[in-house]
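Visitor: I am new to this structure and would like a close look at a single part. Could you pick one helix and walk me through it, along with the charged pairs around the chain?

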Amino acid sequence: MNFRITKVKVLFQQLRRRKGYKTVIMDTSRHYINEFEDYSSSTSHNIVDNDTNTIHKAFDSLLTSEITKLIKILNENERKWRNSNDYSVYTGLAGIAYTLHHYGKYYNDSVYTKTATELLEKCKKYAKIKSRPEITFLIGVGGPFALTAVILYSQGKTEEAKELILKLKSLSTYVLDKHSNVPDELLYGRAGYLSALLYINANISPAPIEADLIKKIVSCIIDSGIAYASSNRCQSPLMYSWYDTEYIGAAHGLAGILYLLLQARQYLTQVQIDNYIKPSLHYLQKLQFSSGNFPSSLDSSSDKLVHWCHGAPGMPALFCLAHKVFEDNTFLEVAIRCGEVIWQRGLLRKGYSICHGVAGNGYAFIHLFQHTKDIKHLYRACKFAEWCFHYGSRQNQPPDRPFSLFEGLAGVIYFLIDLQQPHLAKFPTYDI
């Protein structure tokens with residue numbers, strides 16, 4: 001994904017916002033043909049256990065074996081990633097620490113949890129609050145502050161944790177400033193800051209972030225979306241723009257923002273939910289292609305990107321949660337159609353990452369399994385994991401940050417560990 005997008009004015013935006021516009025471009029060079037047999041009682045043997053509705057012990061052992069191999073590769077390349085000056089969760093040390101901590105907790109290995117804490121302490125020192133700070137969980141100081149605070153609190157170092165939480169809260173002045181030019185999306189914007197606040201409250205009890213602060217953040221996000229939608233005559237009551245483009249997907253777009261808002265629904269008013277969140281979801285679902293995929297932006301009629309960051313894989317989490325909250329079966333239908341196109345076109349030539357690769361696409365099946373309890377989706381997640389066992393052998397080119405959480409090896413390890421506990425699995429920083 002290219003984050004340095006040239007600012008452009010796109011012609012005929014209003015024409016492409018109408019309901020039911022069709023697929024124009026289909027790029028078949030972006031994915032491998034899925035030759036896995038789909039779920040059946042015979043193909044699922046030794047992969048999923050229909051009696052317990054979880055993965056089979058044989059596949060769990062295979063996962064452990066493959067994770068061990070991949071964590072060894074990560075350790076062998078420590079000199080290549082440890083001295084990075086990138087402290088972010090997305091591509092830097094904090095993301096690798098996140099994975100090491102996840103590994104240490106699951107396998108009860110204190111060596112890895114200690115290493116993770118050490119790395120996060122280093123990130124905390126690098127993560128300085130500037131006059132125009134990067135504030136989100138994924139890209140900015142929000143990630144190192146939130147992760148380190150939670151770990152320190154679990155170790156009984158409550159005063160150190162509180163200091164970090166205060167630093168994180170102090171950023172709210174900048175985030176709430178309407179003249180600061182802070183965007184609203186997940187990667188660089190207010191939704192990404194909100195995810196850091198929600199992460200802390202979800203993992204520390206009693207919740208240390210005041211409800212009033214979170215209410216101000218969510219109201220700011222909603223008010224921004226109302227203002228943009230109104231001034232641009234959008235059909236959706238909420239709409240957002242990043243670099244002059246109205247993105248749809250999880251990383252930069254409407255879906256990611258709505259998902260964080262819906263996870264923060266306890267801080268929303270009923271008016272905000274009924275008048276803005278729900279109708280925006282109905283608008284978003286109308287943008288789904290007949291293939292099951294979604295465009296990357298309102299300006300695009302191209303059905304080519306099947307990534308978590310842009311396209312169908314970022315949608316099941318949102319629409320499964322929307323189905324849970326609103327009990328509208330059309331939301332579940334959207335999520336299931338996403339699953340079909342991901343199964344068909346989700347083995348990406350681009351690679352294995354969780355942002356724009358096979359592991360991230362595998363999380364879509366985990367979301368569908370968690371919500372529907374249909375073991376077919378867990379089987380599909382396992383087959384995508386099986387593809388990841390051959391990490392690095394089937395991709396167009398190596399990622400720029402090959403060991404990172406969102407672009408590289410650490411994210412694949414994280415996904416495989418999560419698959420061993422599919423009922424508890426959470427896409428890092430996206431599922432709170």
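Guide: Here is a walk along one helix, followed by some salt bridges.

The model is predicted, so local features need pLDDT of at least 70 and side-chain atom pairs count only at pLDDT 80 or more, while totals for chains, interfaces and linings use all residues. Residues are numbered from 1 along each chain as its sequence is written, and side-chain values use heavy atoms, with hydrogens and water left out.

Let us start with helix H6, residues 158-170. Helices (H or I, at least four residues) and strands (E, at least two) are DSSP runs, numbered from the N terminus. H6 has 13 residues and reaches 18 Å from its first C-alpha to its last, close to the 18 Å expected at 1.5 Å a residue; that expected span is 1.5 Å times one less than the number of residues.

Now look at which side chains are hidden. Ala 161, Leu 164, Ile 165, Leu 168 and Lys 169 are the buried residues of H6, where buried means under 20% relative accessible area, exposed over 50%, and partly exposed in between (1.4 Å probe, protein chains only). Down the axis of H6 these residues fall within an arc of 140°, so they line one face of the helix; the arc is that of the directions from the helix axis to the C-beta atoms. An α-helix has 3.6 residues a turn, so residues three or four places apart point the same way. The buried residues of H6 pack against helices H4 (110-126), H5 (142-154), H7 (172-176), H8 (190-203) and H9 (211-231), contact meaning heavy atoms within 4.5 Å.

On the other side of H6, Glu 159, Glu 163 and Leu 166 are exposed. Glu 159, at 52% relative accessibility, forms a salt bridge with Lys 162, the closest N and O atoms being 3.7 Å apart. A salt bridge is a side-chain nitrogen of Lys or Arg within 4 Å of a carboxyl oxygen of Asp or Glu. Both residues lie in H6, three residues apart, about one turn of the helix, and Lys 162 is partly exposed at 46%.

By this rule there are 13 salt bridges. One of them involves H4, a packing neighbour of H6: Arg 82 and Glu 118 meet at 2.7 Å, N to O. Arg 82 lies in helix H2 (residues 78-82) and Glu 118 in H4, so the pair ties together parts that are 36 residues apart in sequence. Arg 82 counts as buried at 18%, and Glu 118 as partly exposed at 42%.
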